[in-house]
Each structure stands twice: as C-alpha cells, then as structure tokens.
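User: I have a model open and want to check the labels on it. Please give me the reasoning behind each one.

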Amino acid sequence: MTNEHMQAELVGILGEAKQQLRVIAEIQRDRAELTGTASVRKKRVTVSVNADGTVIETTFGAGIEDLSYSEIARAVTEAAQAASKDLAEKHRALMAPLRERRARLPKLTDLIEGMPDMRLPTAPEPSLAPPHSPERSAGYGEDELRFEDAETYPVEPERRVTDSSW
C-alpha cells in the first residue's frame with residue numbers, strides 16, 4: 001500500500017515537473033522578446049534595451065542641442081539605467097507564474113526525511129556607480145558565503161629557483 005502511494009505521489013510530481021518545464025519554455029520565448037525603454041530630460045534622450053539589458057537603440061529628441069556634452073552623457077547613462085529597471089520589472093512580472101508554481105511544489109525536505117533545507121544565497125545588488133569610483137567597493141552580502149578558515153598564500157613566493165641564496 002505504501003509503495004503504491006509513493007508511486008502515485010511520484011507520478012504527480014513528475015506531471016507537475018513536466019508542466020513546469022512547459023511553462024519555462026514559454027517564459028524563455030516571451031523573455032527573448034522583452035525590451036525596456038526609458039526617456040529622460042523631457043524626452044530629449046531615450047534608450048531601449050533588449051532582454052539581456054544590451055542597449056539596442058538610443059535616440060535624441062527635440063532640444064538635445066540645449067544640453068552640453070557632459071549632460072548628454074549623464075542623460076544617456078540615466079536613460080539606460082531606467083530602461084534596465086523597466087526591463088527588470090517586466091521580467092519579474094513574466095516570472096511570477098513560475099514562482100507561484102514552484103511554491104506549490106514540495107520542498108526537498110518534504111520528500112527526503114532528515115534532509116536539511118537548502119536555499120541559494122541572495123546576490124548583492126550591482127553598483128550603478130561609474131568604474132573606478134569609491135562607491136563601487138564590494139561588501140559582503142548578508143547571505144554571501146565567507147571562508148574564514150581558508151589558507152592564504154603570499155602574492156610572491158618567498159623563495160624561487162632563481163633566488164641568489166642557492
């Protein structure tokens with residue numbers, strides 16, 4: 001009786017997994033078509049990004065000549081960041097059905113007795129600061145793995161074959 005119950009449960013889980021794979025395939029197809037777009041400085045600068053966040057179009061509107069080169073550069077950066085944010089919101093909305101489906105599936109701890117609950121660490125938010133700026137210092141995230149008992153080696157070995165003490 002127990003074996004039949006386990007088999008029925010496994011068939012149900014496999015059916016749900018197949019359905020989830022179909023949903024993932026649909027999401028991947030829809031994701032490839034996503035774009036994010038944003039305009040800044042009274043629509044003088046508009047940037048569009050594709051599903052990977054790559055800039056695919058930059059347009060300048062009427063009145064762009066009123067901005068200096070540095071203002072245009074900042075506006076392009078702002079518009080690209082806002083377009084990426086727009087894309088991220090669309091991506092979250094697209095992924096919502098998959099997250100809901102995954103929440104309904106049993107956890108590994110529910111299936112295997114004594115199995116510890118495992119979760120992925122949360123990735124830190126990437127910096128929007130320009131390269132080489134002090135704001136780009138990377139700190140450890142709350143969930144980031146740290147190895148405090150790992151051995152360290154000096155950058156330069158203390159002795160080498162070409163050392164004059166030989």
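User: First, which residues point one way from strand 2, and which the other way?

Analyst: This is a predicted model. V45, V47 and V49 point one way from strand 2. T46 and S48 point the other way. In a regular strand, side chains alternate between the two faces of the sheet.

User: What makes strand 2 largely enclosed by the rest of the structure?

Analyst: Buried means a relative accessible area under 20%. In strand 2, 5 of the 5 residues are buried, so the strand is largely enclosed by the rest of the structure.

User: How do you know that strand 2 and strand 3 pair, and in which sense?

Analyst: Pairing needs at least two bridges. Strand 2 (residues 45–49) and strand 3 have 5 bridges, so they count as paired. The sense is antiparallel. Among the partners, S48 bridges to E57, and V49 stands opposite V55. The hairpin of these strands has 5 residues between them, with G53 at a positive phi near 85 degrees.

User: What joins strand 1 to strand 2?

Analyst: There are 5 bridges, and the two strands run antiparallel. The cut-off is at least two, so this is a pair as well. A38 stands opposite V47. These strands form a hairpin with 4 residues between them. R41, in the turn, has a positive phi of about 50 degrees.

User: Which residues touch the most other members of the largest nonpolar core?

Analyst: I27, V45 and V47 do, in a core of 20 residues. Helix 1 (2–32), strand 1 (36–40), strand 2 and helix 2 each give two or more residues to this core. Helix 2 gives the largest share, 9 residues. Leaving aside residues up to four places away in sequence, I27 touches L94, M95 and L98.

User: Why is G61 called partly exposed?

Analyst: Its relative accessible area is 24%. Buried is under 20% and exposed is over 50%. The value for G61 falls in between, so G61 is partly exposed.

User: Where does G61 lie, and what does G61 touch?

Analyst: G61 lies in the loop between strand 3 (55–60) and helix 2 (69–104). Not counting residues up to four places away in sequence, G61 touches K43 and R44. G61 and V45 are 16 residues apart in sequence but 6.2 Å apart in space, C-alpha to C-alpha.

User: Where is confidence lowest, and where is it highest?

Analyst: Helix 3 (residues 108–111) is lowest, at a mean pLDDT of 72. Strand 2 is highest, at 98. The mean for the protein is 82, and 80% of its residues reach 70 or more.

Terms used:
Residues are numbered from 1 along each chain as its sequence is written. Side-chain values use heavy atoms; hydrogens and water are left out. Buried means under 20% relative accessible area, exposed over 50%, partly exposed in between (1.4 Å probe, protein chains only). Contact means heavy atoms within 4.5 Å. pLDDT is the predictor's confidence in each residue, from 0 to 100. A nonpolar core is a set of buried Ala, Val, Leu, Ile, Met, Phe, Trp, Tyr and Cys residues joined through side-chain atoms within 4.5 Å.
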